[in-house]
Amino acid sequence: MLSYQIIILAAGQGKRMKSDKNKQFLMLKGKPLIIHTLDIFYQDPYCQSIQLVVNPKEEADIQTLLKEYGYQERIAVVHGGAERQDSVFAGLAACTAEEGIILIHDGARPFVSLENVATLVNKAYEKGAALLAVPVTDTIKRVTESGVTTLDRKELWAAQTPQAFRYSVILHAHKQAKEEGYLGTDDASLVERLNQPVEIVQGSYDNMKLTTPEDVEKAHAILSKYD
Ligand SMILES: Nc1ccn([C@@H]2O[C@H](COP(=O)(O)OP(=O)(O)OP(=O)(O)O)[C@@H](O)[C@H]2O)c(=O)n1
Ligand SMILES: C[C@](O)(CO)[C@H](O)COP(=O)(O)O
């Protein structure tokens with residue numbers, strides 16, 4: 001098994017969660033969301049280092065949490081930017097070893113399995129870029145000025161994180177996107193637009209991102225399965 005570095009993103013505003021505090025501080029079964037996510041990678045012996053990207057205004061609260069949960073080794077706190085892509089770029093710039101495999105993961109996805117992470121890392125090593133994704137279960141309509149059409153569901157996958165890359169591949173893709181003013185909704189899309197191969201690794205529907213208040217109930221249900 002190969003080791004990897006990971007960038008964990010927690011510098012967003014969590015606006016869609018409509019909560020009084022940022023979503024990474026939301027308590028799930030007595031523990032903050034961001035700690036649930038960190039727990040996963042802290043127990044992985046193949047995780048060499050963590051760049052935790054945060055909003056500078058929340059750094060003090062994050063540092064308090066890291067101290068409380070004893071997470072101070074192998075972790076560096078980095079300041080994020082206005083867009084998710086800016087935060088990833090800050091994380092990439094802060095990576096210590098500028099080679100090997102780098103994972104990029106949403107702090108708001110606390111249920112990824114280490115089994116899926118291991119498959120993903122191997123695939124990225126082999127192909128340069130890979131992401132976890134799940135087949136879309138809805139019927140998806142494309143709505144444009146010329147009307148409504150139905151996309152072929154067999155071809156549709158919902159992108160998740162982690163997404164994994166050889167460091168040189170993702171750094172180059174981010175630099176190109178920055179230069180050209182391109183803003184993507186994930187990191188794999190920055191590699192795709194350079195016509196470089198990106199592989200899908202089938203993940204789990206449990207690897208949800210907590211985005212809206214309804215997701216908190218779903219997250220509690222997932223956690224209950226492991227009680
Ligand atoms: N400028 C940003 C924006 C997002 N993120 C992180 O990227 C992940 C996925 O983003 P999303 O769920 O969209 O989070 P927010 O941007 O915080 O949510 P919202 O769009 O509702 O404000 C989150 O863990 C979030 O903290 C980040 O590090 N920096
Ligand atoms: C990369 C990602 O997880 C894709 O699902 C991303 O964080 C999506 O963010 P969004 O703002 O909820 O599209």
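A residue is taken here to be near a ligand if its C-beta atom, placed from the backbone, lies within 6 Å of that molecule. In this predicted model, 20 residues surround ligand 1, and the closest are Leu9, Ala11, Gly12, Arg16 and Ser87. Two elements, strand 1 (4-10) and helix 3 (84-94), each give two or more residues to this shell. By class, the surroundings of ligand 1 comprise six nonpolar, eight polar and six charged residues.

Ligand 2 has its own set of neighbours, namely Arg84, Asp106, Ala159, Gln160, Thr161, Thr185, Asp186, Lys209 and Thr211. Strand 10 supplies the largest share of this shell, with three residues. One nonpolar residue, four polar residues and four charged residues make up the shell around ligand 2.

Turning to the overall fold, the protein chain contains seven helices and 11 strands. Its radius of gyration is 17 Å, close to the 17 Å that the globule rule gives for 227 residues, so the chain is as compact as a globular protein of that length. Taken along the principal axes, the box filled by the C-alpha atoms is roughly 55 × 40 × 35 Å.

Seven of the strands come together in an open sheet with mixed pairing, and a walk across it follows the order 5-4-1-6-10-7-11. At the edges lie strand 5 (75-79) and strand 11 (199-202), each of which pairs on one side only. On average, neighbouring strands of the sheet are turned by 30 degrees against each other, direction ignored. Helix 1 (residues 33-42) packs on this sheet, where it touches strand 1 and strand 4 (47-54). The direction of helix 1 makes about 175 degrees with that of strand 1.

The pairing can be followed strand by strand, beginning with strand 5. Strand 4 and strand 5 are joined in the parallel sense by five bridges. Among the partners, Ile50 is matched with Ile75 in strand 5, and Val54 with His79 in that strand. Between these two strands the chain passes through helix 2 (residues 59-68), and this β-α-β crossover from strand 4 to strand 5 is right-handed. Strand 4 also pairs with strand 1, again in the parallel sense, over seven bridges. Here Ile6 stands opposite Ile50 in strand 4. Ile50 thus has a partner in strand 5, Ile75, and also faces Ile6.

Further across the sheet, strand 6 (residues 101-106) and strand 10 (residues 157-166) run antiparallel and are joined by four bridges. One of the residues involved is Ile104, whose bridge partner in strand 10 is Gln163. Helix 5 (residues 167-180) packs on the sheet as well, touching strand 6, strand 7 (129-135) and strand 10. With the direction of strand 10, that of helix 5 makes about 115 degrees.

Two points of backbone geometry round off the picture. The peptide bond from Thr161 to Pro162 is cis, with omega near 5 degrees. Pro162 lies in strand 10, and Thr161 is among the residues around ligand 2. The other point concerns Lys18, found in the loop between strand 1 and strand 2 (27-28). Phi of Lys18 is near 50 degrees, which is a positive value in a residue other than glycine.

Technical notes
Residues numbered from 1 in each chain as written. Chains lettered and ligands numbered in written order. Predicted model: local features only at pLDDT ≥ 70, side-chain atom pairs only at ≥ 80, totals over all residues. Nonpolar A, V, L, I, M, F, W, Y, C, P; charged D, E, K, R; others polar. Pairing = 2+ DSSP bridges. Axes fitted to C-alpha atoms, helices over the stretch in contact; angles between N-to-C directions. Contact = placed C-beta atoms within 7 Å. Right-handed = clockwise from strand over helix to strand, strands pointing away. Rg over C-alpha atoms; globule rule 2.2 N^0.38 Å.
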